Amino acid sequence: MIDESGNSKNNNKKSQKLSTKFYEKELQNLQIELVKLQDWIQHQGLKVVVIFEGRDAAGKGGVIKRISQSLNPRVCKIVALGTPSSKEKSQWYFQRYVPHLPSAGEMILFDRSWYNRAGVEHVMGFCNQTEYNEFMRSCPEFERMLIRSGIILIKYWFSVSDEEQERRFKSRINDPMKGWKLSPMDLKSREHWLEYSKAKDEMFKYTDTKQSPWYVVPADNKKSARLNCISHLLSKIDYKQVEREEIVLPPRKDDKGYIRTPFANQTIVPQKY
């Protein structure tokens with residue numbers, strides 16, 4: 001039997017689990033390349049948009065974290081918009097996303113995006129059929145406009161099996177550092193697994209275009225998914241290493257008349273550790 005991630009349910013991915021040592025070494029190498037990519041984006045004034053979509057608990061946040069953690073937050077920016085306000089609901093649907101598009105020298109990572117309309121809004125009834133149909137019709141045109149304007153648009157769909165998603169949900173319930181990730185909407189989505197699968201198939205039918213294809217990331221194995229996604233992202237932009245000027249620390253000028261304020265006169269954080 002084949003699940004949504006394209007894997008046989010009898011073919012357990014755990015047999016291909018990466019060792020922590022290998023994973024960390026490969027991740028470090030890829031993050032070094034991401035810094036080179038960042039420098040190239042700045043040097044060339046590129047405008048890059050990367051969209052991350054997929055099932056709840058599929059691992060989108062994990063790969064976004066690994067991409068951004070070694071980069072300059074002024075260059076690599078994460079956009080994760082909340083529920084639209086009443087004013088935003090009255091606007092042109094794409095309007096709330098446009099201000100977050102990149103300027104020259106920026107890479108924007110969308111942790112969910114305008115594709116909310118094709119997924120959660122459609123399945124949970126937050127938009128009507130007319131609004132949904134209009135999105136499907138206009139989204140490919142909107143993305144073609146972005147690409148014609150010079151934006152590099154890359155779209156990833158993280159695919160996770162039913163069993164693996166349930167395992168991750170259960171692991172979050174008793175984890176005090178991950179419980180916040182389980183929103184009421186996440187739990188409700190479990191009831192609509194089939195509807196979400198159908199919505200994803202329909203979304204691909206309209207928006208998996210030659211100009212802006214969807215790249216599917218099998219995500220049952222988190223470590224493999226992160227490495228594969230980052231490696232693929234690096235392959236989609238023809239970047240070169242930008243030579244940096246040698247950094248030489250200037251000598252510090254000493255003012256012999258300056259006396260530092262004594263610690264006793266300052267409010268110090270208690271040293272508990």
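**Reading a predicted model by its cut-offs**

Me: Which residues does R96 touch, not counting residues up to four places away in sequence?
Reply: R96 touches L81, G82, T83, P84, E88 and Q91. A contact needs heavy atoms within 4.5 Å. Keep in mind that this is a predicted model.

Me: Where does R96 lie?
Reply: R96 lies in a loop. That loop runs between α3 (86–89) and β3 (106–111).

Me: Why is R96 called buried?
Reply: The relative accessible area of R96 is 11%. Buried means under 20%. So R96 counts as buried.

Me: What makes the link from the side chain of R96 to the backbone oxygen of G82 a polar contact?
Reply: The side chain of R96 reaches that oxygen of G82 at 2.8 Å. The cut-off is a pair of N or O atoms within 3.5 Å. The distance of 2.8 Å therefore passes.

Me: Now the sheet. In what order do the strands stand?
Reply: The order is β2-β3-β1-β4-β5. These 5 strands form an open sheet, and the pairing is parallel.

Me: Why are β2 (76–79) and β5 (214–218) said to stand at the edges?
Reply: Each has a single partner strand, so one side of each is left without a neighbour in the sheet. From one strand to the next, the twist averages 20°.

Me: How do you know that β4 and β5 pair?
Reply: Count the bridges. Pairing takes at least two bridges. Strand β4 (residues 151–159) and β5 have 5 bridges, in the parallel sense. So the pair qualifies. In β5, P218 is the bridge partner of S159.

Me: Which helix packs on the sheet, touching β1 (47–54), β4 and β5?
Reply: That is helix α9 (residues 222–235). The direction of α9 makes about 160° with that of β4.

Me: What about F204: buried or exposed?
Reply: F204 lies in helix α8 (residues 193–207). The relative accessible area of F204 is 15%. The limit for buried is under 20%, so F204 is buried.

Me: Which residues is F204 in contact with, leaving aside its neighbours within four places in sequence?
Reply: F204 is in contact with W157, W214 and V216. Measure to A118 as well: F204 and A118 are 86 residues apart in sequence, yet 9.7 Å apart in space, C-alpha to C-alpha.

Me: Where is the place of T209?
Reply: T209 is in the loop between α8 and β5. Its relative accessibility is 16%, so T209 counts as buried. The C-alpha atoms of T209 and N265 are separated by 65 Å, with the two positions 56 residues apart along the chain.

Me: How many disulfides does the structure hold?
Reply: It holds 0 disulfides. C127 is in no disulfide, and the nearest cysteine sulfur, that of C139, is 13 Å away.

Me: Why do C139 and C127 form no bond?
Reply: A disulfide needs two cysteine sulfur atoms within 2.5 Å. The sulfur of C139 is 13 Å from the closest cysteine sulfur, in C127, so it is too far for a bond.

Me: And C127: buried or exposed?
Reply: The relative accessible area of C127 is 10%, so C127 is buried. C139 is buried too, at 0%.

Me: Which residues does UniProt list for "domain: Polyphosphate kinase-2-related"?
Reply: The unreviewed UniProt entry lists residues 18–244. Over these residues the chain is 48% helix and 14% strand. The end C-alpha atoms are 35 Å apart.

Terms used:
Residues are numbered from 1 along each chain as its sequence is written. This is a predicted model: local features need pLDDT of at least 70, side-chain atom pairs count only at pLDDT 80 or more; totals for chains, interfaces and linings use all residues. Side-chain values use heavy atoms; hydrogens and water are left out. Helices (H or I, at least four residues) and strands (E, at least two) are DSSP runs, numbered from the N terminus. Axes are lines fitted to C-alpha atoms, for helices over the stretch in contact, and angles run from 0 to 180 degrees between N-to-C directions. Buried means under 20% relative accessible area, exposed over 50%, partly exposed in between (1.4 Å probe, protein chains only). A polar contact is a pair of N or O atoms within 3.5 Å; within protein, one must be able to donate a hydrogen and the other to accept it, and residues adjacent in sequence count only if both atoms are side-chain atoms. UniProt positions are given in the numbering used here, feature names are shortened, and annotations may be inferred rather than shown by experiment.
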